[in-house]
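Q: Please take me through the salt bridges in this model, starting with the one that involves a loop lysine if there is such a pair, and then relate them to what surrounds them. I would like a close, connected reading.

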Amino acid sequence: MLNIGEVLAKSRKENSLSQIEVSKIMESYNYPINNKVLSAWEKGKSTPNPAQFLHLCKIYGITDIYSAFLEPNPDNPMSELNEAGKAKVMEYIELLKLDKRYTIAPAVHEENIIEFPHRELPLFILPASAGSGEFLDDGKYEMVVVGSEVPDTASFGIRLNGDSMTPRYLDGQIVWVYRTTELVNGDIGIFYLDGNAYCKRLHKKKNSLELVSINPKYAPIPVTANSDFRIFGRVVS
């Protein structure tokens, strides 16, 4: 076994590095040492820990640690060659690299093609009024292709008309709706009321219901016992 300190010192000098320069490189690897510590290692007064040792080998280009610090590596076919012989082997390796018959084909990195889920949902032609209300004819719609921007729970879409639900929903905006007849207090839904379709927030009072706009300039619309009232669904986007 060769003297670790002597090999480290020899390798540093072969790389034309000063002890101060090596200490700075070690600091960049998050293994800060000062040149006095490095000098102690090279003189055999102390030894680096495994992580420090491996980083020094990396700095000095020592790839065959077995041969560098122990003895000729029996698994290294160049271990018995002198420098001239090793140079010849490296020349031949470079020639072999030019011939595709002797090189490993580069890994083919398949492009990650992200397939966005899409589906068709009905979009009603007549808008639900976010203001005065218009009739929702559930027989008149077109099928539109939607992607991941539309929640999975959506059953259909409808375009709004008016500004009573601003600033959350804008005039002309398409909202997507989960078809259901059950809503809880505070849900925003699509409602049928006496021949008109509305996008409103449901407000359940003690003995009555009302449809409430977000825009405060619109008064709540009461739902009475005599009203023709239905719930089409809950707005989910």
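A: Happy to. Let's begin with Lys-217, which forms a salt bridge with Asp-163; their closest N and O atoms are 3.2 Å apart. Both partners sit in loops: Lys-217 in the one between strand E7 (209-212) and strand E8 (221-223), and Asp-163 in the one between strand E3 (156-161) and strand E4 (174-179), so the pair ties together parts that are 54 residues apart in sequence. Please keep in mind throughout that this is a predicted model.

The two partners are covered to unlike degrees. Lys-217 has a relative accessible area of 58%, which is over 50% and therefore counts as exposed. Asp-163, at 25%, is partly exposed. As general background, side chains of opposite charge can pair when their charged atoms come close.

While you are at the Asp-163 loop, have a look at Pro-167, which is found in the loop between E3 and E4 as well. The peptide bond leading from Thr-166 to Pro-167 is cis, and its omega is near 10°. For context, most peptide bonds are trans. The loop that holds Asp-163 thus also holds a proline that follows a cis bond.

Now for the wider set. The structure holds four salt bridges, and Lys-217 with Asp-163 is one of them. Another is between Glu-42 and Arg-12, where the closest N and O atoms are 2.6 Å apart. Here the partners come from helices: Glu-42 from helix H3 (residues 35-42) and Arg-12 from helix H1 (residues 4-14), so this bridge ties together parts that are 30 residues apart in sequence. Both of these side chains belong to buried residues. Glu-42 has 11% relative accessibility, under 20%, so it counts as buried. Arg-12 also counts as buried, at 8%.

A further bridge joins Glu-83 and Lys-86, with 3.9 Å between the closest N and O atoms. That value is still accepted because the cut-off for a salt bridge is 4 Å. Unlike a link between two elements, this one stays inside helix H6 (residues 83-97), where the partners are three residues apart and so separated by about one helical turn. Glu-83 is exposed, at 61% relative accessible area, whereas Lys-86 is partly exposed, at 27%.

Glu-83 and Lys-86 also take us to the largest pocket. Its lining has 20 residues, and those nearest the centre are Asp-64, Ser-67, Ala-68, Glu-83 and Lys-86. The elements giving two or more residues to that lining are H1, helix H5 (65-69) and H6. H1 gives the most, with four residues, and H1 is also the helix that carries Arg-12. The space in this pocket comes to about 650 Å³.

Following H1 onwards brings you to Ser-16, in the loop between H1 and helix H2 (19-28). Ser-16 has a phi near 55°, a positive value in a residue other than glycine. Ser-16 is exposed, with a relative accessible area of 62%. In general, most residues other than glycine have a negative phi.

Asp-194 has a positive phi too, of about 50°, although it is not a glycine. Asp-194 is placed in the loop between E5 and strand E6 (196-204) and is partly exposed, with a relative accessible area of 46%. Strand E5 (residues 188-193) includes Tyr-192, which counts as buried at 9% relative accessibility. A polar atom of the Tyr-192 side chain lies 3.3 Å from the backbone nitrogen of Gly-195. Tyr-192 and Ser-227 are 35 residues apart along the chain, and their C-alpha atoms are separated by 9.9 Å.

To set all this in the whole chain: there are six helices and nine strands. Of the 237 residues, 35% are buried, and Arg-12, Glu-42 and Tyr-192 are among the buried ones. The chain exposes about 15500 Å², with carbon and sulfur atoms supplying 54% of it. Among contacts between residues at least 6 apart in sequence, 56% join residues at least 24 apart. The bridges from Lys-217 to Asp-163 and from Glu-42 to Arg-12 likewise link parts of the chain that lie 54 and 30 residues apart.

Notes. Residues are numbered from 1 along each chain as its sequence is written. This is a predicted model: local features need pLDDT of at least 70, side-chain atom pairs count only at pLDDT 80 or more; totals for chains, interfaces and linings use all residues. Side-chain values use heavy atoms; hydrogens and water are left out. Buried means under 20% relative accessible area, exposed over 50%, partly exposed in between (1.4 Å probe, protein chains only). A polar contact is a pair of N or O atoms within 3.5 Å; within protein, one must be able to donate a hydrogen and the other to accept it, and residues adjacent in sequence count only if both atoms are side-chain atoms. A salt bridge is a side-chain nitrogen of Lys or Arg within 4 Å of a carboxyl oxygen of Asp or Glu. Contact means heavy atoms within 4.5 Å. Accessible areas come from the Shrake-Rupley method with a 1.4 Å probe; for residues, only the protein chains shown count as cover. On a 1 Å grid over the protein atoms alone, a cavity is a set of points where a 1.4 Å probe fits but cannot get out, and a pocket is an open set with protein on both sides within 12 Å along at least five of seven lines; lining residues have an atom within 4 Å of a point. Grid points are joined across faces, edges and corners, and a volume is the space filled by probe spheres set on the points.
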